[in-house]
Amino acid sequence: MTTQQLLIFIAALIVLVLAVVGILVTVRKRRSQGDSTRPGRVQESDDGRSSLSPESAAAAAKGRAEGQPGASPAASSADQSVQSASPASGASPNPDASTGSAASAQSSSAEQVASSAQEELAHPETSASRMTRLKARLAKSPNPFGKALFAILTKDHLSESDWEDVEDTLLMADVGAEASEQLVKQLRDDARITGQKDPAAVRRGLRQRLIDLVDPDMDRTLVAARPQANRPSVIIMVGVNGTGKTTTAGKLARLFVADGKSVVMGAADTFRAAAADQLETWGGKVGVPVVRSDRDGADPASVAFEAAERAKNDQSDVLIVDTAGRLQNKANLMDQLGKIRRVIEKNLPVDEVLLVLDATTGQNGMIQAQVFAQAIGVTGIVLTKLDGSAKGGIVISVQRELGVPVKLVGLGEGPDDLAVFDPESFVDGILGDE
């Protein structure tokens, strides 16, 4: 080999070595860059501290914002390494421990949420204390007719004009013509009232006559509250629009929950968009499940059937089925109520049909009661808004007309302003304080 050939060979070898070295450097750089972009990768800064790479930090922040389970452990691991690990100590992040810690934290958080939701369930007022409070509220209402009667009857000498005022007061309170005439006759013949100058004696006589007129002998117990009641005991709520029927259904559920009963509600008012939502709001506050349709305008009878199935399978104590508000002159809608009852009875017997009446509607409420009684059969009356009007006489007239007792009264907007009707407490309320 000549000297010239040797030099060429050495030059080629040097070029080859340099090429190999260049390739190795390039590969090493690429590997280093790839490692630095992995989520959770801890980099060492110039001052010797460990920190997340910018790309990793952004990914971790995004994961926390979006609530992604996979992003949180990495961020947690990196945060722990920032606080407690440094290159000098030789400590390194422990992904497994971090993941376990995050999972434990998530589990603890879920338990706290469940516990918090349980604590937020309302504790309704017991039925025993409600009527006392509601009686006081009724006594403070603007114009209870008992006070007007008492004011007339305590005059020194009652003239014919005074007795006409008594009858007019009763008629204005929607007691009804027949009942008003009967009461006036009884009061005129009552020696404890006529010619009596002692107001306390007059009040006692009037009180007893009004109690007799309200009829304390009627059984006002809700069927579901009786010892021999079916389980589940089915209650259908009916009434025209605007009487507070759906609200009353929710309040009734609270009343049963307060007495320790398990309840299911069925939202069979599928024609009013907000009715099911409203019922769910009431149920959610006391932990009562609500069966509803996924779409507006669904067949209410099918919702009632599913609610009966749910209550039966859950072995609940009470099923309350809310129905759409019906105008009493719509025969086809009244027929729909009959269909709802028949469908429910394929699963469970219907124990109670409660008609919700607005006490302020007066004698118009009587027309409603008669039509509903014919359409589906009414077992009890719920009178709402009894505290804001002098129409309390509807209690007397509706019972006399239908032979159906007033079982519940609503005397306010509060969630527990619904109580089992008690004749004596009602009369004491409308007479006011002695």
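## Getting started

A residue is called buried when its relative accessible area is under 20%. By that yardstick Glu352, with a relative accessible area of 1%, is buried. We'll come back to Glu352 when we get to the charged pairs.

Keep in mind that what you're looking at is a predicted model. The chain has 434 residues, and 42% of them are buried. You'll find 16 helices and 10 strands in the chain. If you take contacts between residues at least 6 apart in sequence, 73% join residues at least 24 apart. On the outside, the chain exposes about 22,200 Å², and carbon and sulfur atoms supply 51% of that area.

## How far to trust it

The mean pLDDT of the chain is 75, with 69% of the residues at 70 or more. Residues 36-119 are another story: the pLDDT there is below 50, and the stretch has 55 contacts in the model beyond near neighbours in sequence. Where pLDDT is low, the predicted coordinates should not be read in detail.

## A greasy patch on helix H1

Now for the surface. A nonpolar patch there is formed by Leu6, Phe9, Ile10, Leu13, Ile14, Leu16, Val17, Leu18, Val20, Val21, Leu24 and Val25. Together these residues have about 1,100 Å² of accessible area.

Take Val25 as one of the members. Val25 sits in helix H1, which covers residues 3-36. Its relative accessibility is 41%, so Val25 counts as partly exposed.

## Inside the cores

The largest nonpolar core has 65 residues. Which of them touch the most other members? They are Phe145, Val166, Leu210, Ile344, Ile381 and Leu383. Helix H9 (residues 199-214) gives this core its largest share, 6 residues.

Leu210 is a handy place to zoom in. Leaving out residues up to four places away in sequence, Leu210 touches Phe145, Leu149, Leu183, Val427, Ile430 and Leu431. There's also a second, separate core of 24 residues, with Leu222, Leu252, Leu354 and Val356 among them.

## Charged pairs

Side chains of opposite charge can pair when their charged atoms come close. The count of salt bridges here comes to 18.

Start with Arg310 and Asp314, whose side chains meet at 2.5 Å, N to O. These two are 4 residues apart in helix H12 (residues 300-314), so about one helical turn separates them. Arg310 is partly exposed, at 35% relative accessible area, and Asp314 is partly exposed too, at 39%.

Next, back to Glu352. It forms a salt bridge with Lys407, and their closest N and O atoms are 2.7 Å apart. Because Lys407 lies in strand E9 (residues 406-410) and Glu352 in strand E7 (residues 350-358), the pair ties together parts that are 55 residues apart in sequence. Is Lys407 buried or exposed? With 3% relative accessibility, Lys407 counts as buried, and Glu352, as we saw, is buried at 1%.

Strand E7 also holds Asp358, which is 27 residues from its partner Lys385. The side chains of Asp358 and Lys385 meet in a salt bridge at 3.2 Å, N to O. Lys385 is found in the loop between strand E8 (380-384) and helix H15 (394-402), and the pair links distant parts of the chain. Asp358 counts as buried, at 8% relative accessibility, whereas Lys385 is partly exposed at 35%. Finally, Arg207, Glu424 and Asp428 are joined into one network by salt bridges that share partners.

Definitions and conventions:
Residues are numbered from 1 along each chain as its sequence is written. This is a predicted model: local features need pLDDT of at least 70, side-chain atom pairs count only at pLDDT 80 or more; totals for chains, interfaces and linings use all residues. Side-chain values use heavy atoms; hydrogens and water are left out. Patches are made of residues with over 30% relative accessible area and no salt bridge: like charges are joined within 9 Å, nonpolar side chains (Val, Leu, Ile, Met, Phe, Trp, Tyr) within 5 Å. Accessible areas come from the Shrake-Rupley method with a 1.4 Å probe; for residues, only the protein chains shown count as cover. A salt bridge is a side-chain nitrogen of Lys or Arg within 4 Å of a carboxyl oxygen of Asp or Glu. Buried means under 20% relative accessible area, exposed over 50%, partly exposed in between (1.4 Å probe, protein chains only). Contact means heavy atoms within 4.5 Å. pLDDT is the predictor's confidence in each residue, from 0 to 100. A nonpolar core is a set of buried Ala, Val, Leu, Ile, Met, Phe, Trp, Tyr and Cys residues joined through side-chain atoms within 4.5 Å.
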